[in-house]
Amino acid sequence: MPPKKKAKGKVKKNPDRGDELEQKYKRSVLDVAVLKEHLVLRREVARQAQANSEELKSRMKELEQKLHEESKDKRDINADLTRQYKSMKTDLEVKVQKLDAEVTMLRKQLVQCQDELKLEREARQNIEQEKDASISDLQSQLANMEAGYQRILHDSLDSLLSHLADARLRWEEESTAIHLEHKELLASFGLKPLHL
């Protein structure tokens with residue numbers, strides 16, 4: 001069972017360092033779990049070896065007592081016990097070597113997984129950076145477009161107001177001229193424009 005995480009204290013000011021510490025912690029937890037499993041297997045093998053050794057010792061004592069009673073079978077029994085002991089010892093050595101090989105393989109797989117995870121995180125960071133750069137570029141382009149549109153709109157409004165002012169001035173001048181012309185025309189007929 002992996003160790004419980006300690007409660008967090010103050011909020012970390014550097015998120016990159018926090019991620020790095022978290023990664024180191026996770027790697028340490030995995031390493032500890034693998035080593036614990038290895039130790040448990042070694043202890044089990046040692047316990048089995050101890051149990052087998054105790055069993056063999058007990059059997060040898062019983063056989064030695066019987067050998068005192070039946071000396072004629074002594075050589076055959078000793079040879080059989082020696083063979084069994086060597087066989088069991090060989091089996092245990094093979095099991096230990098197999099467990100060592102499995103631990104080595106698991107460690108290699110752990111290193112490979114850590115490397116793959118690192119590459120994946122780097123790739124994700126690159127994608128995030130590219131996305132942020134694209135968003136920033138698009139926002140800049142949008143701001144430039146908005147500023148350009150506002151400038152065009154203001155210029156167009158200013159030009160329109162200027163044309164309207166010129167047109168109004170021309171119409172006022174033409175209206176005044178027409179008014180004077182009609183006034184003079186009416187005066188020639190003896191009419192006063194104020195009486196109309």
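pLDDT is the predictor's confidence in each residue, on a scale from 0 to 100. You're looking at a predicted model, so local features here need pLDDT of at least 70, side-chain atom pairs count only at pLDDT 80 or more, and totals for chains, interfaces and linings use all residues. Residues are numbered from 1 along each chain as its sequence is written, and side-chain values use heavy atoms, with hydrogens and water left out. Here's the tour, topic by topic.

**How confident is the model?**

- The protein's average pLDDT is 83, and 86% of the residues reach at least 70.
- Residues 1-12 are another story: pLDDT stays under 50 there. For that stretch the model has seven contacts beyond four places in sequence, where a contact means heavy atoms within 4.5 Å.

**Salt bridges**

- Side chains of opposite charge can pair when their charged atoms come close.
- A salt bridge here is a side-chain nitrogen of Lys or Arg within 4 Å of a carboxyl oxygen of Asp or Glu. The structure has seven of them.
- One of them joins the side chains of Arg-42 and Asp-100, at 2.8 Å from N to O. This pair ties together distant parts of the chain, 58 residues apart: Arg-42 sits in helix H1 (residues 15-69) and Asp-100 in helix H2 (residues 74-188). Helices are DSSP runs (H or I, at least four residues), numbered from the N terminus.
- How open are the two partners? Arg-42 is partly exposed at 39% relative accessible area, and Asp-100 is partly exposed at 27%. The cut-offs are under 20% for buried, over 50% for exposed, and partly exposed in between (1.4 Å probe, protein chains only).
- Arg-83 and Asp-80 make a salt bridge too, at 2.9 Å from N to O. Both lie in helix H2, three residues apart, or about one turn of the helix. Asp-80 is partly exposed, with 30% relative accessibility.
- Glu-172 and Arg-168 pair up at 3.1 Å from N to O. They're both in helix H2, four residues apart, again about one turn of the helix. Glu-172 is partly exposed at 41%, while Arg-168 is exposed at 59%.

**Between the helices: Leu-81 and Asn-52**

- Leu-81 belongs to helix H2 and is buried, with just 8% relative accessibility.
- Skip its neighbours within four places in sequence, and Leu-81 is in contact with Met-60 and Leu-63. Its C-alpha atom is 8.5 Å from that of Leu-56, which is 25 residues away along the chain.
- Asn-52 is part of helix H1 and counts as partly exposed, at 21% relative accessibility.
- Beyond its neighbours within four places in sequence, Asn-52 is in contact with Met-88 and Leu-92. The C-alpha atoms of Asn-52 and Lys-89 are 9.6 Å apart, with their positions 37 residues apart in the numbering.

**A nonpolar patch on the surface**

- Leu-153, Leu-157, Leu-160, Leu-161 and Leu-164 form a nonpolar patch on the surface, sharing about 480 Å² of accessible area together. That kind of area comes from the Shrake-Rupley method with a 1.4 Å probe; for residues, only the protein chains shown count as cover.
- What gets a residue into a patch? Patches take residues with over 30% relative accessible area and no salt bridge; like charges are joined within 9 Å, and nonpolar side chains (Val, Leu, Ile, Met, Phe, Trp, Tyr) within 5 Å.
- Leu-160 has its place in helix H2. It's partly exposed, at 46% relative accessibility.

Note on methods
Helix = DSSP H or I, 4+ residues; strand = E, 2+ residues; numbered from the N terminus.
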